[in-house]
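Please work through the exercises below with the sequence and the model at hand. Each task is followed by a solution in steps.

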Amino acid sequence: MSADHDKLMLANVSRRGFLMGLAGSSALVLAARWDLALANEKAQFGAGAMPGGWVDDPNVFIHIGPDGIVTIVNNRSEMGQGIRTSLVMVAADELGADWDQVRVRQAEGSHARFGNQNTDGSRSMRHWFDPMRRAAAAARLMLEQAAADQWQVPASEVKTAVHTVRHIPSGKELGFGELAAAARELEVPGRKALVLKSHDELRFIGKETGLINGQLKSAHPKAIDGEDIVSGKAIYGADVPVENPLFAVIARPPVYGATLDSIDDSDALKVPGVEKVMTIEGTGQPAAFNPLGGVAVIASNTWAAIEGRKALKINWNNDKAGDNASYTSEAYREALEKAAQSPGKVVRNHGDVDAALESAQKRVSATYYMPHMAQAPMEPPVATVLVQDGKAEVWAPVQNPQATRDTVAGRLGLDAENVTVHVTLLGGGFGRKSKPDFAIEAASIAEAFNGRPIRLQWTREDDIHHAYFHAVSVDHLEAGLDAEGKATAWLHRTLSPSIGSLFAPDPEHKGEFELGMGFNTMPFNVPALRLENPPAPAHVRIGWFRAVYNLPHAWAIQSFAHEMSVAAGKDHRDYLLELLGPDRQIQNLSVGDGWNYGEDPDLYPIDIGRMRGVIERATEEAGWGKDLPEGRGMGLAFHHSFVSYTAVVFDVEVDAEGNLMIHRADIAFDCGPQANPERIRSQLEGACVMGIGIALQSEITFKDGVAQQGNFDRYLIPRMPDAPRVVRVHLVDNPDEPMGGVGEPGLPPVAPALCNAIYAATGKRIRRLPVGDQLKA
């Protein structure tokens, strides 16, 4: 925590500061308010630097009813990462609640009330671990004070047990429900009065649960939504029950930036169930989060709407699409590869790279390609919107409910206070649902049906054709080695269209936050180094994809380091450790990175010792160096992202026909403190499988500006036979470091580790993803 944060004080509030709780007048809400000084606080890093900042007010997040039921408000979106369990677990543990008497309520979108709610950037637990603990600690102290007052004893003799408060000398106890009413009459303790529980007192935080390597560690706390998900009771975006809805789909321009030229909807209106056809206005390029425009078909059910859309006769006009109408993947890759041979914008430079390359005993060079990918969550975008009486109500699986609220309000000309966004469970997100364009589309249609809810459904094909695509990338690297194989020079040019093109006329170069994702933060200790970023124009919507630009940067750097070790004739693990050099902490600013995932560089430096730690742990667990039969090999890669450290080792086999079998994956991970180890393991296992898909199969290509894939028959994702037979996750215990991200850091090293393993097994070098049929050649 920053020093500035320590200055913040939880203000004592009057007894009137308590509000009644969720269950009406019979329930209690513990309340606190922050001193006005908080409003003027200008935090520079972490959660405080995010829109809306953070709130650790127990009045907002913790409600205790007279029956003792504790309801904890979750302000982040649940998209499979388990945050509804993890955040509640943290609050319940600090409060002292019995897990079976804890409930969760999903917060609607409101920066002012709930702080920042963007569920992206691997920040949910990293930014909310401390605020939720503080809110719960404040509530716990209030319960203890209420008990002490009732027993007329010093508060120092009172301590919270499990859902009860106990007078230590006498053994008397009172339940949370019995104390809630009295507690609300008390003043809220100040920040300095808060004493967080010691590690030994914690029952949930940091404790292993579930099956770990086949052994049941503990059944509690159980996943909040687990039973509802497996039994079909969970409410996702398409499950929202509303009265008398209409259903809509939209025909969107196939080419980014194209506009509607003409339409004949006569046949569409003949489809039984179709009630209306209407145009949706786009906002042109850059699209940001706005709709692409098109033609909506509204019907009594989704099937009728889809059939009506098929019957539309539409002419699109590509005039405003410009070069996008001729965008073809193969030609674009060739253009980037050619551009990668020429110097670009220098973003980091030390030593004389050209001279070092010229004088090197051996030179290594390679160019790596990663294609476009679509997030393709299992649940395509969907939103239900009701507009009436100057207000709008939205139900949607969104990662960013505030952006949804603001953009819907802007589209409809409403004050944001008149828009309510209810966040449902997300059937996956991977960055797609941080863009609320689909909710805006639904709101635009609902405006024309005042008082009747509209559910807009994207099909799988809609989602893949019109994704906010992961950027295509080309990375060219050159290195010089001395007579002992040590690196003397490193040149890296990276070319990708920028996400910034989504918000401004094509910026061509990557932004600071994009370069900071493993490119200019590259940690190797090389005497002469130059990093360049030649231009790369965008021709489609480029957006966040899980791990973002860490993917191509890790893919290229970790593959190239392996090629260098082969050229040097050295073991890859030993060569990586040699490249890293001595243990040290590197300040981000010293390598040109002013972003650092939004975290304080003093608290989160680039720590070479922690990088070394995950490499050594993964290789040790995998049995690195052991003899393997012909056709079998191990590959290693590591990466630092979202202020956490990951290393992956694959053990693979490739038969004579080029069929790949992944025997085992060993993943070592250091995120500092571990709030919920079971969820950390699960996310790393998921990242492993998703990364295998990126490496082996997933690719979006364009021809004449149109995406050529539309469903999982052509946009391939891993099937069960593609997964490793065994995945073992090894968590590095580092509780004294600041907390790092978890959701994304597991993904970047997967593809290079797998391709390095393929090389070890076959001698075949993969430089273009996906691997596809390259092993068959």
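**Exercise 1. State how much space lies in the largest cavity, and describe its lining.**

Step 1. The largest cavity holds about 110 Å³ of space. A cavity here is a set of points, on a 1 Å grid over the protein atoms alone, where a 1.4 Å probe fits but cannot get out; lining residues have an atom within 4 Å of a point. Grid points are joined across faces, edges and corners, and the volume is the space filled by probe spheres set on the points.

Step 2. Its lining consists of 13 residues, and Pro254, Tyr256, His465, His466 and Phe469 lie nearest the centre.

Step 3. Sorted by class, the lining has nine nonpolar, three polar and one charged residues. Ala, Val, Leu, Ile, Met, Phe, Trp, Tyr, Cys and Pro count as nonpolar, Asp, Glu, Lys and Arg as charged, and the others, Gly among them, as polar.

The model is predicted: local features need pLDDT of at least 70 and side-chain atom pairs count only at pLDDT 80 or more, whereas totals for chains, interfaces and linings use all residues. Residues are numbered from 1 along each chain as its sequence is written, and side-chain values use heavy atoms, with hydrogens and water left out.

**Exercise 2. Determine how many cavities of 30 Å³ or more the whole structure has, and which elements supply the lining of the second largest.**

Step 1. The search finds two such cavities, and the second largest contains about 80 Å³ of space.

Step 2. Gly518, Thr521, Met522, Pro523, Ile557, Gln558, Met611, Phe638, His639 and His640 line the second largest cavity.

Step 3. Helix H15 (550–568) and strand S29 (632–641) each contribute at least two of these residues; S29 gives the largest share, with three. Helices (H or I, at least four residues) and strands (E, at least two) are DSSP runs, numbered from the N terminus.

Step 4. The classes of this lining are five nonpolar, five polar and no charged residues.

**Exercise 3. Describe the packing of helix H16 with helix H17.**

Step 1. H16 (residues 572–580) and H17 (residues 608–622) have axes 10 Å apart and an angle of about 175°. Axes are lines fitted to C-alpha atoms, for helices over the stretch in contact, and angles run from 0 to 180 degrees between N-to-C directions.

Step 2. The two helices are therefore roughly antiparallel, a term for angles over 145 degrees.

Step 3. Contact (heavy atoms within 4.5 Å) involves Arg573, Leu577 and Leu580 of H16 and Ile608, Met611, Arg612, Ile615, Glu616 and Thr619 of H17. Five of the residues are nonpolar, one is polar and three are charged.

**Exercise 4. Describe how helix H18 and helix H19 cross.**

Step 1. The axes of H18 (residues 677–696) and H19 (residues 750–762) come within 8 Å and cross at roughly 65°.

Step 2. Ala687, Cys688, Gly691, Ile692, Ala695 and Leu696 of H18 meet Val750, Ala751 and Leu754 of H19. Eight of the contact residues are nonpolar, one is polar and none is charged.

**Exercise 5. Locate the cis peptide bonds that precede proline 286 and proline 770.**

Step 1. Glutamine 285 and proline 286 are joined by a cis peptide bond with omega about -5°. Proline 286 sits in the loop between strand S15 (274–280) and strand S16 (294–299).

Step 2. Leucine 769 and proline 770 are likewise joined by a cis peptide bond, with omega about -5°. Proline 770 belongs to the segment after H19.

How values were computed
Parallel < 35°, antiparallel > 145°, perpendicular 65-115°, else oblique. 1 Å grid on protein atoms, 1.4 Å probe; cavity = no way out; pocket = protein on both sides within 12 Å on 5 of 7 lines; lining within 4 Å.
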